[in-house]
Amino acid sequence: MPGEPQADCLFCKIVEGQIPATIVRESDTTVAFRDINPQAPTHVLVIPKAHYRDAAALAAAEPTVAADVLREAQTVADEEKLESYRIVFNTGAGAGQTVWHAHAHVLGGRGLEWPPG
């Protein structure tokens, strides 16, 4: 059920503390942690604590929580002292989504080319 923890979800297990992660921030609605396979010097994931399959599902069901994810991404960038950075939401396998729990990637600390890939 949307919004409920999923037993087979890696990110739900991180939220529940069942899997360790290097957490950099936590709010009432979000958790931010370092990516285990960083693609830039700073690569932090910001996730909603509630389980939604992707960014589109999160935005449709919980627009306030979607805004919280973006606000926390900005705070992560500020705390990491990033002058410029990229926030990425991969939605669907063709876009590179591999964990089916909405999440934002905060990437920075190096030049980021366009188009991204």
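## A five-stranded sheet, a crossing helix and a pocket

Strands S2 (residues 30–34) and S3 (residues 42–48) run antiparallel and are joined by five bridges. One pairing to look for here is Arg-34, whose bridge partner in S3 is Val-44. Please keep in mind that this is a predicted model.

Stepping back, these two strands belong to an open sheet of five strands, paired antiparallel in the order S1-S2-S3-S5-S4. Strand S1 (23–26) and strand S4 (85–88) stand at the edges with a single partner strand each, so one side of each has no neighbour in the sheet. On average, neighbouring strands of this sheet are turned by 20° against each other, direction ignored.

Now for the helix that crosses the strands. Helix H3 (residues 63–79) lies across S1, S2, S3, S4 and strand S5 (104–108), and runs at about 155° to S3.

The largest pocket is worth a visit too. Its volume is about 630 Å³, and 30 residues line it. Nearest its centre lie Asp-35, Gln-39, His-43, Asn-90 and His-105. Helix H1 (10–15), S2, S3, S4 and S5 are the elements that give two or more residues to this lining. H1 provides the largest share, three residues.

Here is how the lining of the largest pocket divides by residue class:

| Class | Lining residues |
|---|---|
| Nonpolar | 15 residues |
| Polar | 10 residues |
| Charged | five residues |

Strands S2 and S3, where we began, thus appear again in the pocket: both are among the elements giving two or more residues to its lining.

Note on methods:
Residues numbered from 1 in each chain as written. Predicted model: local features only at pLDDT ≥ 70, side-chain atom pairs only at ≥ 80, totals over all residues. Heavy atoms only, no water. Pairing = 2+ DSSP bridges. Helix = DSSP H or I, 4+ residues; strand = E, 2+ residues; numbered from the N terminus. Axes fitted to C-alpha atoms, helices over the stretch in contact; angles between N-to-C directions. Contact = heavy atoms within 4.5 Å. 1 Å grid on protein atoms, 1.4 Å probe; cavity = no way out; pocket = protein on both sides within 12 Å on 5 of 7 lines; lining within 4 Å. Points joined across faces, edges and corners; volume = space filled by probe spheres on them. Nonpolar A, V, L, I, M, F, W, Y, C, P; charged D, E, K, R; others polar.
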